[in-house]
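Student: I have a new structure to look at, and I'd like to learn how to read it. Could you walk me through it?

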Amino acid sequence: MKKILFVTSEVHPLIKTGGLADVSSSLPKALVSLGQEVRVIVPNYRALKLEQMPNIIALFRVGHHTVQLLEMTLPNSDVVVWLVDCPEYFGMEGNPYVDSDGNSYPNNPERFALFCRAAIEVAMDRINLNWKADIVHCNDWQTGLVPALLSMEYRCPPTVFTIHNLAYQGLFNGLTAAMVQLPSQLLSPDGLEFHGMISFIKGGIVYADKITTVSPTYAQDIQTPELGYGLEGLLVYRDEDLTGIINGVDDDWNPENDQLITKNYNASSLDDKVANKTALQARLHLPVDEKVFVLGLISRLVEQKGIDMLLDCLPELLTLPIQIVLLGSGDKDFEQQLQQFAAAYPHKMALTLGYNETLAHLIEAGADVFLMPSRFEPCGLNQMYSQSYGTLPIVRNTGGLADTVVDTLPETIEDCTATGFVFNDAHAGTFLEAIKRATLLYSFPDVWRQLQINAMRRDFSWQNSAAQYLALYESIE
Ligand code: ADP
């Protein structure tokens, strides 16, 4: 049994801006079910959704700040969560990283440096909890200083650093080093320095014992100039310690017992799926029609997700006999352009701006296909949810999408492995062609049904991925 400190800046259902939050609850749960002792440590943001009052279990100093450590369990689980309470840094309402205009908080370096230092005090058992980590598992740039600073400690536990998205690096100007009092040994180009800036993510990539990303293909993708953001050389250098472990899907995403959908179903009762389609149409004021081909999309509305490609497709797409259901928020320009299409085609397109967990489940259950034209995708979750719901994903051939969706081709139809539609080039034309391919196959109900069954049979459970993480922890004892 290992003591694993899982350091993360978000965890579902307490606080979530993206897939990191899902992983930060699902992986610890799966590790606990494999007999490990996990503590998830996360900042105590004011915006946390707490159903219980956490207990104060420690009080300690980090620099000139007094920090409390609070304890609770993750809702509906045995996973213990430790909250780093420092109201000066985490007491604001709203998003953990950006203000209501989408601008990063100016004191993000100080905020996350404090979080990292607090995690180190905990990992090293310096706050009288009698709990010393055997493994410290850090995630994304917000936790990057943990491996860097821990490397300077005597008898430090080994570290794993997971890159959930290399596009976000925690790059700050050079003065940050002094502001957050980083030791000079860490500041060379072999350390945290990056073209005159300070890179928090380099703290993880340079100093962690093992690096992972959330899919095998993305582990390769980030070693190329196209997706390496200037870190590809370092990642190639660390290739032996870099692996890709695909994320799993949480039990919440199972159409058989999903409480948020209208009618539950499984691969043997797929006729019941249509009740979710009509409920979705009614809820979104689209014409209720069991037969019409419904395309779904749930996403952050940012360039990474290929929203510009979707916008380029819409004029032609909306001439087809389809309905399209979109849920997301993000780039204001994308939001406005989508709003204009939705206003012009109210019978064909429903756009919901914002974050809505219930609607997300209903879209997964009610749509026929799910769109993910991402320019790059470290892992992606919705294409896996979609397959579990018999909602065939239409995805670009990149990162985790390439690893989890099997394109529908004559041979994959024949051997019952086809689970979706894959296109190569990041162009509206190829995306549209894949959508048309799906539309055509939808007119063959028997073939379509078999594709749905193939998709629903895929095993995306966390147990398999958690076992791979555990093997990795064991390799660095
Ligand atoms: P990323 O982390 O890049 O945003 P992922 O596919 O890994 O992308 O994870 C996104 C997660 O956030 C999924 O669980 C998805 O359903 C959810 N999500 C994204 N936008 C919304 C939204 N507007 N409403 C509800 N859930 C959303």
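**Reading the model, feature by feature**

Tutor: Let's start with one residue: glycine 102 sits in the loop between helix H2 (87-90) and helix H3 (108-123). Keep in mind that this is a predicted model.

Student: Is glycine 102 buried, exposed or partly exposed?

Tutor: The way to tell is by relative accessible area: under 20% means buried, over 50% exposed, and partly exposed lies in between. Glycine 102 has 48%, so it is partly exposed. You can also check separation in sequence against separation in space: glycine 102 and phenylalanine 60 are 42 residues apart along the chain, and their C-alpha atoms are 32 Å apart.

Student: Which other residue could I try that on, in the loop between helix H7 (216-221) and helix H8 (225-228)?

Tutor: Try isoleucine 222, which lies in that loop. Its relative accessibility is 0%, so isoleucine 222 counts as buried. From isoleucine 222 to leucine 284 is 62 residues along the chain and 39 Å between C-alpha atoms.

Student: Now the whole chain. How many helices and strands does it have?

Tutor: Count 19 helices and 18 strands. To judge compactness, compare the radius of gyration with what a globule rule gives: here the chain has 23 Å, close to the 23 Å from the rule for 477 residues, so the chain is as compact as a globular protein of that length. Along the principal axes, the C-alpha atoms fill a box of roughly 65 × 45 × 40 Å. Buried residues account for 57% of the 477.

Student: There's a ligand too. How many residues surround the ligand, and which are the closest?

Tutor: The shell has 18 residues, and the closest are Gly19, Arg300, Lys305, Gly354 and Leu381. By type, the shell divides into 6 nonpolar, 8 polar and 4 charged residues.

Student: What polar atoms of the protein lie by the ligand's oxygen atoms, for example at glycine 19?

Tutor: For glycine 19, a polar backbone atom is 2.6 Å from a ligand oxygen. For leucine 381, a polar backbone atom is 3.0 Å from a ligand oxygen. With asparagine 382, an N or O atom of the side chain is 3.1 Å from an oxygen of the ligand. Taken alone the ligand exposes 560 Å², and the protein buries 91% of that.

Student: Which elements give two or more residues to the shell around the ligand?

Tutor: Look for helix H1 (19-33), strand E13 (293-301), strand E14 (322-330) and helix H14 (382-388). E13 gives the most, with 3 residues.

Student: Why does the ligand lie between domain 1 and domain 2?

Tutor: Domain 1 (3-248 + 462-475) and domain 2 (270-456) both give residues to the shell, so the ligand lies between them.

Student: What can I look for in the loop between strand E1 (3-7) and H1?

Tutor: Threonine 8 has its place there. At 0% relative accessibility, threonine 8 counts as buried, and its side chain makes a polar contact of 2.9 Å with that of serine 24. Proline 13 is in the loop between E1 and H1 as well, and the peptide bond from histidine 12 to proline 13 is cis, with omega near 5 degrees.

Student: Where are there positive phi values in residues other than glycine?

Tutor: One is aspartate 125, with phi near 60 degrees, in the loop between H3 and strand E6 (135-139). Another is histidine 195, with phi near 50 degrees. Histidine 195 is exposed, with a relative accessible area of 68%.

Terms used
Residues are numbered from 1 along each chain as its sequence is written. This is a predicted model: local features need pLDDT of at least 70, side-chain atom pairs count only at pLDDT 80 or more; totals for chains, interfaces and linings use all residues. Side-chain values use heavy atoms; hydrogens and water are left out. A residue is near a molecule or strand if one of its heavy atoms lies within 4 Å of it. A polar contact is a pair of N or O atoms within 3.5 Å; within protein, one must be able to donate a hydrogen and the other to accept it, and residues adjacent in sequence count only if both atoms are side-chain atoms. Accessible areas come from the Shrake-Rupley method with a 1.4 Å probe; for residues, only the protein chains shown count as cover. Helices (H or I, at least four residues) and strands (E, at least two) are DSSP runs, numbered from the N terminus. Ala, Val, Leu, Ile, Met, Phe, Trp, Tyr, Cys and Pro count as nonpolar, Asp, Glu, Lys and Arg as charged, and the others, Gly among them, as polar. Domain bounds come from an automatic or database domain assignment. The radius of gyration is taken over C-alpha atoms; the globule rule is 2.2 Å times the number of residues to the power 0.38. Buried means under 20% relative accessible area, exposed over 50%, partly exposed in between (1.4 Å probe, protein chains only).
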